[in-house]
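I opened the notebook to look up a helix, a nonpolar core and a single alanine, and I set down what I found in the order I looked.

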Amino acid sequence: MKKTLISFSTAMLLLSSSALAYADTVQDPDQNVYVNVDILETVSSVDLDYVLDKALKDSHNLAMLTLKYAAQGSKKGDLEEQMDAMGSASFTSGHLPSTPAEVTNTGNPLLPNLTDPTDIAWTVMQNNAMNQMMQGMGALAGGMNAIISSQRAQMRTAAHQLGTDQRNSLLQTDEAKAGIRLQTIAQYVQLLGQQKQLAFMNEYESVMEKELLRATLLSQQGLASSEDVLTAQKAINKQKDDTVILLNNYRLGLVQLSTDIGISYDPNLVLKDIDAISVQPVAETDTMTLLKSSYQMKASGNNMDEAVWETGHTVTQNTYGETYLGVNLAITGQKNEQTKLELTKKIQSTYNDAKNAYAAVLTEQRNLTDVQADLQKMKFRYDVGVISKHDLNKFQLKVDQNETTLAAAKLKYYVLNEKAKAMDTGFIQ
């Protein structure tokens with residue numbers, strides 16, 4: 001028990017010391033923080049084309065990919081230059097006479113033939129030592145050359161990999177542009193839908209207030225109960241609460257959009273409608289054609305080519321290295337197959353969602369046509385005095401609700417159809 005208390009005390013002491021060190025670090029006057037003040041453009045209204053243009057120009061993701069491509073090219077050039085500058089260790093080995101027979105008959109006019117036994121013995125011993133030294137230097141030069149050759153091979157492999165990475169970076173840049181476009185369209189469409197929904201909810205609230213006034217007047221005349229008035233008041237309160245929540249979500253989305261495209265936030269910013277959304281059956285492209293143009297399949301193909309190249313050009317020291325290269329090639333092949341299967345499922349899912357959205361538009365168009373026909377009948381009844389103006393306005397609200405629902409269905413169709421069309425350019429998500 002005593003040992004446990006000592007350990008606990010030690011732990012608390014260390015924890016408190018760490019906390020103090022952390023606090024000192026936070027309050028470090030030498031800590032730099034790089035936060036700049038952006039100069040934002042101020043606009044009163046935007047349309048989709050303007051938003052898309054700003055989103056692509058102000059994308060930090062695209063800027064990072066551009067820098068990544070430049071860094072890869074710079075590093076690749078550096079490695080290639082280092083390879084060209086790498087020399088080889090050279091040593092010309094020689095041989096000195098190292099036996100009595102050789103020193104007494106050198107055959108070299110620069111090396112006199114020895115006759116004195118003492119000179120012969122000393123020369124043989126010295127020359128043997130020199131020969132061993134020269135052999136060692138030759139072996140050292142050979143080892144250094146082997147190391148240099150291995151390093152050069154590694155650098156060549158790294159440079160080739162960087163070239164592959166550069167090609168993939170270009171694909172990632174094109175893919176990012178398509179992704180930013182679709183994401184911005186979805187963001188803009190969501191705000192448009194919320195804007196239309198808010199307009200309808202305000203209209204609905206106005207009608208409900210008239211309904212409350214009507215119930216109050218009838219109650220005062222004894223033609224309605226106080227419960228009817230309370231029910232109408234509760235409905236208005238709920239409607240106001242729902243409107244506040246939707247308005248807050250709309251303003252949050254507007255802040256996020258303004259931040260993404262680099263404009264000053266304005267709660268009264270006007271979002272213009274998307275002109276002429278043409279509702280047509282979804283055009284489908286053959287799956288194999290889409291896969292061949294896919295950014296991800298192209299990048300996977302680059303990785304396959306790289307693995308094949310490394311198998312034929314990587315210098316290995318033993319069979320284990322060769323086995324690794326073979327396994328790595330097999331792994332790359334499996335990843336390529338997995339990517340193909342995943343993209344195939346995404347293609348099917350995207351087309352299915354787009355076709356469902358198209359069917360939903362047709363349904364809402366039919367519903368609107370039916371309720372508009374009913375409105376004409378209600379107007380006739382009003383004209384002949386069968387129903388009141390208040391009842392006619394309530395039915396008009398139903399028509400407006402169907403128009404809002406149809407507009408939302410068209411916007412959803414537009415987003416999903418754009419996503420389906422983007423697959424033809426290589427973007428599959």
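I take the expected span of a helix as 1.5 Å times one less than its number of residues, and helices (H or I, at least four residues) are DSSP runs, numbered from the N terminus. I note that this is a predicted model, in which local features need pLDDT of at least 70 and side-chain atom pairs count only at pLDDT 80 or more, while totals for chains, interfaces and linings use all residues. Residues are numbered from 1 along each chain as its sequence is written, and side-chain values use heavy atoms, with hydrogens and water left out.

Helix 6. I found that helix 6 (residues 226-261) has 36 residues and reaches 53 Å from its first C-alpha to its last, close to the 52 Å expected. Its buried residues (under 20% relative accessible area, 1.4 Å probe, protein chains only) include A232, I236, Q239, T243 and L246. Just after helix 6, I read a positive phi of about 75° at G262.

Core. I looked up the largest nonpolar core (buried Ala, Val, Leu, Ile, Met, Phe, Trp, Tyr and Cys residues joined through side-chain atoms within 4.5 Å), and it has 57 residues, with L271 and Y188 among those with the most contacts inside it. Helix 5, helix 6 and helix 9 (319-383) are among the elements that give two or more residues to this core. Leaving out residues up to four places away in sequence, L271 touches V46, Y188, Y250 and L254, among others, where contact means heavy atoms within 4.5 Å.

A158. I located A158 in helix 5 (residues 117-220), and its C-alpha lies 7.9 Å from that of L79, although the two are 79 residues apart in sequence.

Definitions and conventions: Buried < 20%, exposed > 50% of the residue type's maximum accessible area, 1.4 Å probe, protein only.
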